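Here is a short tour to read alongside the model. Take a moment to turn it around on your screen, and then let us walk through it together.

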Amino acid sequence: MSEFEKEEKIKADLEKKFQAANAQVQRKARVWAEIEPAKLPEAMAWLKAEGYNHLATVTGFDEGENLGAWYHVTDTHLIVNLKVKTPRANPVLPSVLKTFPGALSYERELEDMLGIKVEGLPPGRRYPLDEDFPKDEYPLRKDWKVEEYIAKNPLFKPEAK
Amino acid sequence: MSKITVPFGPQHPALKEPENFMLVLEGEQITEAGINLGYNHRGMEKAAENRTYIQNLYLIERVCGICSHSHTTTYITNVEELAKCETPKRALAIRTLFAELERVHSHLLWLGVAGYEMGFETLFMYTWRDREQVLDCLELLSGNRVHYSINTLGGVRRDISAEQKAGVIKRIDYLVERTNYYIKLALEEPTVAARTANVGKLPLEVAIERNAVGPTARASGLARDVRKDEPYLIYNELDFKVITHNTNDVFGRLVVRALELVESYKMIKQILNNLPEGPIAVKVNMRIAPGECVNHYEAPRGEDIHYLKSNGTDKPERLKVRAPTLANLQSVQYMLEGGWLADVPLVIAAIDPCMSCTDRAVVWDPKKGKKQVYGWEELRKMSIEQYKRRGVDFSKLS
């Protein structure tokens, strides 16, 4: 696969250095891989040193038994997508702020929308939810339903039907 | 001197959108800036999971009032990649055309806002008058000024005729002339330079460190442009330059945007003159096989990135949207710290945070429980009557 030399190299490196699972070159400029949460900060620091210095965003997800996140790191030419999973019973992920200070709002979003505790996140106001939104409800989890939330709050009357 | 914390926003005349900055001041100088967001959170990612791919198109269009085409194009690129659909070349060219018209519209709007924030209101009046020309182009092509709704699954919804092409080129020729004047003004007018030079400094290393995108990054000498780095649509066939500037300040951001306008005009003409023949849309299956993909796009404000996961049904499993302003706000914090209170509106405006505008209104009357839609003429008539009652007669103005 000489066509995707750069992609194959980063995939092989991720497998060798960080024991990445399910690594694949999806197409030109897209590499996907899954790593252990404990290796995440180290892997991010390594990627940054390799020139992948732009953390485009972090996508949190709910897969049922596991919660987790995709870290989309890029050098603007090639996007490396790193997946980390954490058990739903006790969801914890390490922070990558040491390497990417710009990730602050993305990590807060993980805490707020999916209830994944991010270790190493400085204290601060919540984002993006409202201050009076219940602290133990996480809207992006699949078992959270808008209808139930509206039904529970008698004050909340949507104008349009 | 003792420190004072001043809240700036969420409602503030200098901010066009709700966001809050906690500024710690020592005299007039800012020593610390904290940014609080979320006042505009509408839960669109959750909402997208409950709608079909085609319904989502209209939802995603409303993520932003100005980058409406940027968001739908990123979204639709993802959907089409997952559906393995071969989008016709002509559709891609029309999408690119809209993308560039949108950039012109957004940059002209920004020039006006920047002019307003630096106390140069004539510039604001000029650029917003000229912006009407590009809005007319968009209305001519799509029927709408702001939410063009041109994208659909597998292509675009409207074709471009020869008359429309002539109409757009005529208006672009006028804009080229006007923009040359703005560039001259930005580069030569001493008051502009005096107000913007060395304001809101963002050195190259910090821009990289804080993941800055778009014109904000390019004004710090960071040649980061998705159109060149990973060409999408038909950008690999177009001839254009990535504009960078190395002054790292608001002045640089002004110059970058003004020069980018010229590149966009060049591209619009290239696209219109070489529009590929063929169909404008193909049929796409409503159910999309499981898969995931991620695509980015150079919106007027910078990189816009979407992640999409499908699960075999006609609704997405997960959609993630990251708009460029969120990526740039970490840089704003840096730009504000060490600066002066009077520069705050200018610095914030310089990353071009989003706002929206439209000239049609729907009024909901809760007493009658009825909806009334007002068009431009009716709104105009109403305002003339309103002023007449107050003793001012505008009816003679045409």
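Let us begin with helix α4 of chain B, residues 89–117. With 29 residues at 1.5 Å a residue, α4(B) should span 42 Å, and its end C-alpha atoms are indeed 42 Å apart, so expectation and model agree. Please keep in mind that this is a predicted model. Is α4(B) mostly covered or mostly open? It is mostly covered, as 27 of its 29 residues are buried. Just after the helix comes G119(B), which has a positive phi of about 85°.

Staying with chain B, the domain assignment gives domain 1 as 52–322 and domain 2 as 361–398. The C-alpha centres of these two domains of chain B lie 33 Å apart.

One loop residue of chain B is also worth a visit. K201(B) sits in the loop between α7 (190–196) and α8 (204–209) of chain B. Why does K201(B) count as partly exposed? It has 17 other C-beta atoms within 10 Å, and the partly exposed class lies between 12 or fewer for exposed and 20 or more for buried. Leaving aside residues up to four places away in sequence, K201(B) touches N248(B), D249(B) and M335(B). From K201(B) to S220(B) there are 19 residues in sequence, and their C-alpha atoms are 8.7 Å apart in space.

Now for chain A, which holds an open sheet of 5 strands in the order β1-β2-β5-β4-β3, with mixed pairing. At the edges are β1 (21–27) and β3 of chain A, each paired on one side only. Averaged over the sheet and ignoring direction, neighbouring strands are turned by 15° against each other.

Two helices of chain A go with this sheet. Helix α1 (residues 5–18) of chain A packs on the sheet and touches β1, β2 (30–34) and β5 of chain A. The direction of α1(A) makes about 175° with that of β1(A). Helix α3(A), in turn, lies across β3 and β4 of chain A and runs at about 10° to β3(A).

The strand β4(A) deserves a closer look. Of its 9 residues, 8 are buried, so β4(A) is largely enclosed by the rest of the structure. It has two antiparallel partners, set out below.

| Strand pair | Bridges | Residues between the strands | Residue with positive phi |
|---|---|---|---|
| β3(A) and β4(A) | 8 bridges | 3 residues | G64(A), near 95° |
| β4(A) and β5(A) | 9 bridges | 4 residues | T76(A), about 75° |

Both pairs are hairpins. On the β3(A) side, D62(A) has L67(A) in β4(A) as its bridge partner. Towards β5(A), L67(A) stands opposite T86(A), while V73(A) stands opposite V80(A).

Finally, which parts of chain A meet chain B? The contact takes 27 residues from chain A and 26 residues from chain B. On the chain A side, β3 (54–62), β4 (66–74), β5 (79–87) and α3 (104–114) each supply at least two residues. Among these elements, β3(A) gives the most, with 6 residues. By class, the side of chain A that touches chain B has 15 nonpolar, 10 polar and 2 charged residues. The edge strand β3(A) is thus a good place to end: it pairs with β4(A) through 8 bridges and gives the most residues to the side that touches chain B.

Notes: Residues numbered from 1 in each chain as written. Chains lettered and ligands numbered in written order. Predicted model: local features only at pLDDT ≥ 70, side-chain atom pairs only at ≥ 80, totals over all residues. Contact = placed C-beta atoms within 7 Å. Nonpolar A, V, L, I, M, F, W, Y, C, P; charged D, E, K, R; others polar. Domains from an automatic or database assignment. Pairing = 2+ DSSP bridges. Axes fitted to C-alpha atoms, helices over the stretch in contact; angles between N-to-C directions. Expected span 1.5 Å × (residues − 1).
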